[in-house]
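Okay, everyone, I'll keep this short. Let's pull up the model and talk about its core, its cysteines and its rings.

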Amino acid sequence: MAVEREKFYECEVKRRRVKATGGYEPFWKVKPIADALNDNDTEFRCKSCGGPLKVFRRNTENAPPPHVEHKLKSDSEYCAAGMHFLKATDGREARLSQAPVQ
């Protein structure tokens with residue numbers, strides 16, 4: 001039996017922009033995973049809970065397209081977009097990650 005996996009095709013990536021007073025400031029931008037990988041982005045987080053993500057690149061022809069999954073099961077259990085949260089029947093409330101990516 002195949003294990004069902006959580007897959008997101010869009011997340012937030014860390015970018016930099018020029019400040020009006022000079023220098024750079026970081027900000028988070030929502031992007032499709034394929035675009036983020038093409039742009040060589042390196043810092044990813046969930047757009048719903050801010051938690052860390054694992055990146056899966058497409059390596060073979062039969063593999064799914066590039067996607068991400070929550071690194072922590074606890075994030076998936078309480079993220080509004082998480083597979084474990086969506087399957088839960090105990091009436092839990094969605095929350096932000098306990099270990100958010102800054």
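So, when I say nonpolar core, I mean a set of buried Ala, Val, Leu, Ile, Met, Phe, Trp, Tyr and Cys residues joined through side-chain atoms within 4.5 Å. And keep in mind that this is a predicted model.

With that in hand, the largest nonpolar core here has twelve residues: F8, C11, V13, I33, A36, L37, F44, C46, C49, L53, V68 and C79. Which elements give two or more residues to this core? Those are strand 1, running 10–18, and helix 1, 33–38. Helix 1 has the largest share, with three residues.

Take I33, which is one of the core residues. If you skip its neighbours within four places in sequence, I33 is in contact with F8, Y9, E10 and C11, and also with P66, H67 and V68.

Now, the cysteines. You'll see several in that core list, including C11, C46 and C79, but searching the whole structure turns up zero disulfides. For C11, the nearest cysteine sulfur is that of C46, 8.5 Å away. C11 counts as buried, because its relative accessibility is 0%. What about C79? Its closest cysteine sulfur is also in C46, at 3.6 Å, and that's too far for a bond, because a disulfide needs the sulfurs within 2.5 Å. C79 counts as buried too, again at 0% relative accessibility.

Last bit, rings. The count of aromatic pairs is zero. Y78 does have charges over its ring, though: the charged end of R92 sits 5.0 Å from the ring centre, and R95 lies over the face of Y78 at 3.9 Å.

Terms used:
Residues are numbered from 1 along each chain as its sequence is written. This is a predicted model: local features need pLDDT of at least 70, side-chain atom pairs count only at pLDDT 80 or more; totals for chains, interfaces and linings use all residues. Side-chain values use heavy atoms; hydrogens and water are left out. Buried means under 20% relative accessible area, exposed over 50%, partly exposed in between (1.4 Å probe, protein chains only). Helices (H or I, at least four residues) and strands (E, at least two) are DSSP runs, numbered from the N terminus. Contact means heavy atoms within 4.5 Å. Rings of Phe, Tyr and Trp (its six-membered ring) pair if their centres lie within 6.5 Å; planes under 30 degrees apart count as stacked, over 60 as edge-to-face and the rest as tilted. A charge sits over a ring if NZ of Lys or CZ of Arg is within 6 Å of the ring centre and within 35 degrees of the ring normal.
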